[in-house]
Amino acid sequence: MIQVDLQNVRSFIPLPYEAALSPRLRIAHDRLQTGSGAGGEFTGWVRLPEDYDKAEFARIKAAAKKIQRDSQALVVIGIGGSYLGARGVIECLRSPNYNLKKKDTPNIYFIGNGLSSEALTEVMELVEDVDFSVNVISKSGTTTEPAIATRALRWMLERKYGTDGAKSRIFAITDPCKGALRQMAMEEGWETFVIPPDVGGRFSVLTPVGLLPMAVAGINICDVMLGAAKAKKDYDLRSFENPVWLYAAIRNLLYRKGKAIELLTSFEPAFKMMGGWWQQLFGESEGKDGKGIFPASVEFNADLHSMGQFIQDGPRTLMESVVRFTESR
């Protein structure tokens, strides 16, 4: 279980706080578990570690093995939650230098997360002379950035393998029933996987959105789901013995005291993209109605030598959460 160390923050928070905050935390916890709070129709991710389509999960593993057999590269096309979670996990568990390492799994390139023609051209050049497959991720299929990248990569596949050959190398992850990508995939005969309607995009990492790229990168997705199921059980604890309660309570208290910016800090470069995913999870979820804590991720020691002066001697509006890892090689 994650441990929360409060020794450096106690002088900034009123004590005792447990009795005052327990009722609100209990209500928030219950609403999240039951999907009865604001935005509850998109909280299906809470149940994903246990309640997921086992047949589709088996198809994800089979598709990953197929990609590993016939491709030296996988191009993942997506933006926001269709991009940050998967990349964050792969870089954290495999390496930020994953594509440069000697390995028996394909390189993985992420595109469709911007409108830079230079970036798109570079990825196209990187896969031009190797066998590659494409993983298109979009609930609607009409998001501009992924749609442009999809057209370019599909053209490359068809030029390289022919129309029929290209079809077996495109894997679409989209809405189960509707949307432009769903319609296109059905018409073209691409293999498809589902983003559950009750799972918001930024929380979709335990759906095919995150699981397929992870599996292609050689991550054991069975272990990922078992770990998530254990976390779901461990953190469903309605008391301050729950580190989730502690973290939520302390950041709420600091926010009330004017700390409107939270830095998430790690000393591991492999955690950098996880920090980017955290920024989306917190920023998009909390930044509403003129309220919210601004999330900013920094990587130490690199950013300590560029941002350290501001963090230590700038305006006193910051709180800082430091992620430490217990084991190292």
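A residue counts as exposed when its relative accessible area is over 50%, as buried when that area is under 20%, and as partly exposed in between. The structure in the viewer is a predicted model, and this tour applies those three classes at each stop.

**The whole chain**

Begin with the entire protein in a cartoon view. The protein holds 11 helices and 8 strands. Its C-alpha atoms fill a box of roughly 70 × 45 × 40 Å along the principal axes. The radius of gyration is 21 Å, which agrees with the value near 20 Å that a compact globule of 329 residues would have.

Next, display the surface. The protein exposes about 17500 Å², and carbon and sulfur atoms supply 54% of that area. Of the 329 residues, 43% count as buried. Among contacts between residues at least 6 apart in sequence, 75% join residues at least 24 apart. If the charged side chains are coloured by sign, there are 40 positive and 39 negative charges, and the mean positions of the two sets are 3 Å apart.

**Stop 1: Asp289**

Select Asp289, in the loop between helix 10 and strand 7. Is Asp289 buried or exposed? Asp289 has a relative accessibility of 74%, and therefore counts as exposed. Inspect the backbone here as well: Asp289 has a positive phi of about 55 degrees, although it is not a glycine. Most residues other than glycine have a negative phi.

**Stop 2: Val323**

Proceed to Val323, in strand 8, which spans residues 318-323. Val323 and Asp289 are 34 residues apart in sequence, and their C-alpha atoms are 29 Å apart in space. At 24% relative accessibility, Val323 counts as partly exposed. Which residues does Val323 contact, leaving aside its neighbours within four places in sequence? They are Leu264, Thr265, Ser266, Phe267 and Phe271. Two of these partners, Ser266 and Phe267, are the next selections.

**Stop 3: Ser266**

Ser266 is placed in strand 6. Ser266 is buried, with a relative accessible area of 3%. Show the side chains around it: not counting residues up to four places away in sequence, Ser266 touches Phe271, Val298, Glu299, Phe300, Val323 and Phe325. For a distance check, select Ser321 too. Ser266 and Ser321 are 55 residues apart in sequence, with 8.7 Å between their C-alpha atoms.

**Stop 4: Phe267**

Phe267 is in the loop between strand 6 (261-266) and helix 10 (272-286). Its relative accessible area is 45%, so Phe267 is partly exposed. Beyond its neighbours within four places in sequence, Phe267 is in contact with Phe300, Asn301, Val322 and Val323. A second distance may be drawn from Phe267 to Asp313: these residues are 46 apart in sequence and 20 Å apart in space, C-alpha to C-alpha.

**Stop 5: the cis peptide bonds**

From Phe267, move to its contacts Phe300 and Asn301. The peptide bond from Phe300 to Asn301 is cis, with omega near 10 degrees. Asn301 lies in the loop between strand 7 (294-299) and helix 11 (304-313). Most peptide bonds are trans.

Then select Leu15 and Pro16, which are also joined by a cis peptide bond, with omega about -10 degrees. Pro16 is in the segment before helix 1 (18-34).

**Stop 6: Glu91**

Select Glu91 in helix 3, residues 84-93. Is the side chain-bearing residue Glu91 buried or exposed? Glu91 is buried, with a relative accessible area of 12%. Leaving aside neighbours within four places in sequence, Glu91 is in contact with Pro96, Ala270 and Met273.

**Stop 7: the cysteines**

Finish with Cys92. Cys92 is partly exposed, with a relative accessible area of 26%. How far is the sulfur of Cys92 from the closest cysteine sulfur? The closest cysteine sulfur is in Cys222, at 20 Å, which is too far for a bond, because a disulfide requires two cysteine sulfur atoms within 2.5 Å. A search of the whole structure finds 0 disulfides. Select Cys177 for the last view: with a relative accessibility of 69%, Cys177 counts as exposed.

Methods. Residues are numbered from 1 along each chain as its sequence is written. This is a predicted model: local features need pLDDT of at least 70, side-chain atom pairs count only at pLDDT 80 or more; totals for chains, interfaces and linings use all residues. Side-chain values use heavy atoms; hydrogens and water are left out. Helices (H or I, at least four residues) and strands (E, at least two) are DSSP runs, numbered from the N terminus. The radius of gyration is taken over C-alpha atoms; the globule rule is 2.2 Å times the number of residues to the power 0.38. Buried means under 20% relative accessible area, exposed over 50%, partly exposed in between (1.4 Å probe, protein chains only). Contact means heavy atoms within 4.5 Å. Accessible areas come from the Shrake-Rupley method with a 1.4 Å probe; for residues, only the protein chains shown count as cover. Lys and Arg count as positive and Asp and Glu as negative; His and the chain ends are not counted. The place of a charge is taken as NZ of Lys, CZ of Arg, CG of Asp or CD of Glu.
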